Amino acid sequence: QVQLVESGGGLVQPGGSLRLSCAASGSLFSIYAMGWYRQAPGKQRELVATIIRGGTTNYADSVKGRFTISRDNNKNTVYLQMNSLKPEDTAVYLCNAGIVLYSGESGAEYWGQGTQVTVSS
């Protein structure tokens, strides 16, 4: 059974940095896209950043220039480096991945359990 396990959240002061990691565990064939979403209390879930297997990235306007998404295909892991954090970045950050379990089959979407990021002085 494939699972996405996130780590790296926590409490940080405004202007600080955090690095989130998300590793896919279990038997799988390939991961074609990975990304991060976030959900703040009382708000809808929103896309933060995505990266496809070839390395093309996409960012929400609110994080461009501050956040960097990357992935290690050998480790089935995606990272989110977050710099110049603001209080409005406070949210639960969720990892998302499109995973193909077996060759020739279509992929399915998987979600991690989420990790809390709190930006506060």
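In this predicted model, Met-34 stands opposite Ala-97 in strand 9. The pairing behind this match joins strand 4 to strand 9 in the antiparallel sense, and it runs over nine bridges. Strand 4 also pairs with strand 5, again antiparallel, over six bridges; here Ala-33 is set opposite Ile-52 of strand 5. Strands 4 and 5 form a hairpin with six residues between them, and in the turn Gly-42 has a positive phi of about 75 degrees. Strand 4 is mostly covered, with seven of its ten residues buried.

One residue of strand 4 that invites a closer look is Arg-38. Is Arg-38 buried or exposed? With a relative accessible area of 6%, under the 20% limit, Arg-38 counts as buried. The side chain of Arg-38 takes part in polar contacts with two acidic side chains: that of Glu-46, at 2.6 Å, and that of Asp-89, at 2.9 Å. Beyond its neighbours within four places in sequence, Arg-38 is in contact with a longer list of residues, including Gln-44, Arg-45, Val-48, Ser-62, Val-63, Phe-67, Glu-88 and Tyr-93.

Tyr-93 leads on to the nonpolar interior. The largest nonpolar core has 31 residues, and Trp-36, Leu-80, Met-82 and Tyr-93 are those with the most contacts inside it. Strands 3 (18-25), 4 (30-39), 5 (46-52), 7 (67-72), 8 (77-82), 9 (91-100) and 11 (115-119) each supply at least two residues of this core. Which strand provides the largest share of this core? That strand is strand 9, with five residues. Not counting residues up to four places away in sequence, Tyr-93 touches Trp-36, Leu-80 and Met-82, and among its other contacts are Glu-6, Leu-20, Tyr-37, Val-48, Phe-67, Gly-114, Thr-115 and Val-117.

Thr-115 and Val-117 bring strand 11 into view. Together with Val-119 they make up the covered face of strand 11, while Gln-116 and Thr-118 make up the uncovered one. In a regular strand, side chains alternate between the two faces of the sheet. Strand 11 runs antiparallel to strand 9, and three bridges join the two; Gln-116 of strand 11 is the bridge partner of Val-92. Strand 11 also pairs with strand 2 (residues 10-12), this time in the parallel sense and over three bridges. Within that pairing, Val-12 has Val-119 of strand 11 as its bridge partner.

Another part of the model is an open sheet of four strands, in the order 1-3-8-7 and with antiparallel pairing. Strand 1 (3-7) and strand 7 are its edge strands, each pairing on one side only. On average, and with direction ignored, neighbouring strands of this sheet are turned by 15 degrees against each other. Inside the sheet, strands 3 and 8 pair in the antiparallel sense over six bridges, and Ala-23 has Thr-77 of strand 8 as its bridge partner.

Strand 3 also holds Ser-21. Why is Ser-21 classed as buried? Its relative accessible area is 18%, and the class takes in values under 20%, so Ser-21 belongs there. Leaving aside neighbours within four places in sequence, Ser-21 is in contact with Val-5, Glu-6 and Ser-7, with Val-78 and Tyr-79, and with Trp-36. Trp-36 is also one of the residues with the most contacts inside the largest nonpolar core, and it is among the residues touched by Tyr-93.

Notes: Residues numbered from 1 in each chain as written. Predicted model: local features only at pLDDT ≥ 70, side-chain atom pairs only at ≥ 80, totals over all residues. Heavy atoms only, no water. Core = buried A, V, L, I, M, F, W, Y, C linked by side-chain atoms within 4.5 Å. Buried < 20%, exposed > 50% of the residue type's maximum accessible area, 1.4 Å probe, protein only. Contact = heavy atoms within 4.5 Å. Polar contact = N/O pair within 3.5 Å; in protein donor to acceptor, adjacent residues only side chain to side chain. Pairing = 2+ DSSP bridges. Axes fitted to C-alpha atoms, helices over the stretch in contact; angles between N-to-C directions.
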